[in-house]
Amino acid sequence: MLHWPVAFIEYLSNCVASECSGLGSRNVGLKKMPSSWLMYIFLYVLVCDGVVAQVENQVVFLFNTFQNVNVNENETVQAVVSRIPLDVAFITLQFHTQHSNATLSYTRMPELGLSLTAVDSGLLSPLIPGQTKLSWFLLAPDGDSVAGTGVILPYTSSDPVPGACNLEFGLDIDPNIYLHYNIFETTIRFAPANIGYSRGSNPPACDTEEGENTRWRLRYDIYQYFLPESDLSEQSLITSIQSVANVQTMKEHGKRVMTLSSNDKTEVVFSSIPGQGVIYSVIVRDPVLNTSSLYIPVHTYACSFSSTLDGCDTLGKISTRIFFTIAGLAGLFVCFFGHRFFKCELFCMGFGFAAFLFFVLITRTTKLDYDIRLTLTAVFGVVGGVILVMSWWRFGSVMSCVVVVGLMLGFLISSIVFFTPVGDIQVFRSNVVFWVTFSCIVVGVPLFFVRWPREGNITTCGVAGAYAVVLAVNAYIYTSLSYITLNILKRFLNDNFSKAFTDVPFQDIDFIMITVWVVLGVSGIVLQLYRERTRPFFPPSPYLMWLQERERRKTNILDPSHHTSSLPSRLLARARQLTGRRESAGHGSAGFPAGCP
């Protein structure tokens, strides 16, 4: 942003360069003046006239060069680009802030249909024949100053015009991407593009029949770019935006998620990752002319910077950290000692099984606060763990318990399968196909281990226990591995989640956590298999052992325990002994010691 005297000097300099027609024939004389004289002229006018109108704040842009701009409260900044080549047919201006709205306008006073207010905003201006200069206006709409970065990109007449067939949004030609998110999914929408056209010519019709010479030949490549994990800084966003701001850099650094034809709906749904910065953009291609243009990139963290509850800075709830810290410690114990302490393992597996089911049930049927839901989930998890332990204690059916444990392993393996790019295959957009395939994997894993129940149980202890440790770490340091099960949970809770792309970033912390998971899991499995190789496959049921012991005492008269009185009889005899002693003591209190004549 330039101070007004500097802007005035720039104005005179433009006149010298014949870029300004306001001085008419006097330009010839100004060309001969030294540039230092211009300052003297300015000072003379300032002193002699006393008052000079303030020139509007301006920011001069160069093509493909980012410019940082500060817009103060109640201030209008004019963005100017000059010396536009004649082969440029249209220009886009994009302006990005981290979380504050900024207004871009074609006019000094924003009007409906001629301006846009957003965090990531952009305007597209077709050029007329002979036009070499263009300007827009930036404002701070919310009463506070706004700081951001902007760039101007030129396009030729052969490039597609993004948003030129807009019928849904406010601008006549709208190159913007409109983003909406919730805890489950992030949705982007954009207006269809048109094929390119030269300056001064009429744009091709949008509502024509399909053909090679119409807009229906265009293709839309959807791209996403992940910011560094756990980095909510403004500098990180600005650097990332600058690295994917045009067609070439987006192709180099971004990841193409899918391609839409002109017949497809211009809407794409992604899985939300709260706290993870993501940049989305669309490249529209003309396969006939082999040209392309870029829509205005948008970004999201799937959380709010202004909310004091569930904001980006308060994602790690204390209740969540406590819950998963305890779960991680229990998982570490199960990973190395689960089979040896079978009752503890059954309790932990039953807890996880019941907690997951009841969290889904409570969330779908109630609107309770998150902390209350988490507390109820823990309570029902404890009940589930106790029920599983008691069922083994009472009935002694090892296979039924192992099947439940095997379902946990099957659930985890199935979740891992759909966490890979397999989960984004089009056929699995169908809920029926997804859940049938998912259930088959879940059920197939325990059936596979029916022949080797001990090995299956130990494998579950190692894999599930180590993953619990990963979830505990995720409560403090973000890792994408938590979305192995979180994506399935979202699909349980949200009926429309099947449309979402579940791609997540894989960065250094994720590879470290994969290594930790593998090392813990393999170590736990090997250690338990080695330690249990000479022991019985499973410990016996305490209740069945008690029944056998009681039967043995009844039939073996040589066993001293055979002549032992029943528990009620022993308790009654003990009570009588205590009562008799108190009576004897009372008799001796008449003056003689008890037992004396």
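**Close-up views of a disulfide, aromatic rings, cavities and a pocket**

**Figure 1. The disulfide of Cys165 and Cys206 is left-handed, with -85° about the S-S bond.** Cys165 lies in the loop between β9 (146–156) and β10, and Cys206 in the loop between β11 (185–190) and β12 (219–226), so that the link joins distant parts of the chain, 41 residues apart; helices (H or I, at least four residues) and strands (E, at least two) are DSSP runs, numbered from the N terminus. The sulfur atoms are 2.0 Å apart, and a disulfide is defined as a pair of cysteine sulfur atoms within 2.5 Å. The whole structure holds one disulfide. Cys165 is buried at 6% relative accessible area, whereas Cys206 is partly exposed at 23% (buried means under 20%, exposed over 50%, partly exposed in between, with a 1.4 Å probe and protein chains only). The model is predicted: local features need pLDDT of at least 70, side-chain atom pairs count only at pLDDT 80 or more, and totals for chains, interfaces and linings use all residues. Residues are numbered from 1 along each chain as its sequence is written, and side-chain values use heavy atoms, with hydrogens and water left out.

**Figure 2. Cys335 has no disulfide partner, because the closest cysteine sulfur, in Cys461, is 8.4 Å away, too far for a bond.** Cys335 is buried, at 1% relative accessibility. Cys440, in contrast, is exposed at 53%.

**Figure 3. Tyr467 and Trp517 form a tilted aromatic pair.** The ring centres are 5.0 Å apart, with 45° between the planes. Tyr467 belongs to helix α11 (residues 453–474) and Trp517 to helix α13 (residues 508–531), 50 residues apart. Both rings belong to buried residues, Tyr467 at 4% and Trp517 at 13%. The structure holds 27 aromatic pairs; rings of Phe, Tyr and Trp (its six-membered ring) pair if their centres lie within 6.5 Å, and planes under 30 degrees apart count as stacked, over 60 as edge-to-face and the rest as tilted.

**Figure 4. The charged end of Arg491 sits over the ring of Phe434, 3.7 Å from its centre.** A charge is placed over a ring if NZ of Lys or CZ of Arg is within 6 Å of the ring centre and within 35 degrees of the ring normal. Phe434 is also one of the residues of an aromatic cluster that includes Phe356, Trp435 and Phe492. Elsewhere, the charged end of Arg215 sits over the ring of Trp216, 4.1 Å from its centre.

**Figure 5. The largest cavity has a volume of about 120 Å³.** Phe434 and Arg491 appear again here, among the residues nearest its centre, together with Phe418, Asn487 and Thr502. The lining has 15 residues, and α12 gives the largest share, four residues. On a 1 Å grid over the protein atoms alone, a cavity is a set of points where a 1.4 Å probe fits but cannot get out, and a pocket is an open set with protein on both sides within 12 Å along at least five of seven lines; lining residues have an atom within 4 Å of a point. Grid points are joined across faces, edges and corners, and a volume is the space filled by probe spheres set on the points.

**Figure 6. The second largest pocket holds about 490 Å³ of space.** Among its 20 lining residues, Asn101, Val119, Asp120, Tyr181 and His299 lie nearest the centre. The largest share, four residues, comes from β10.
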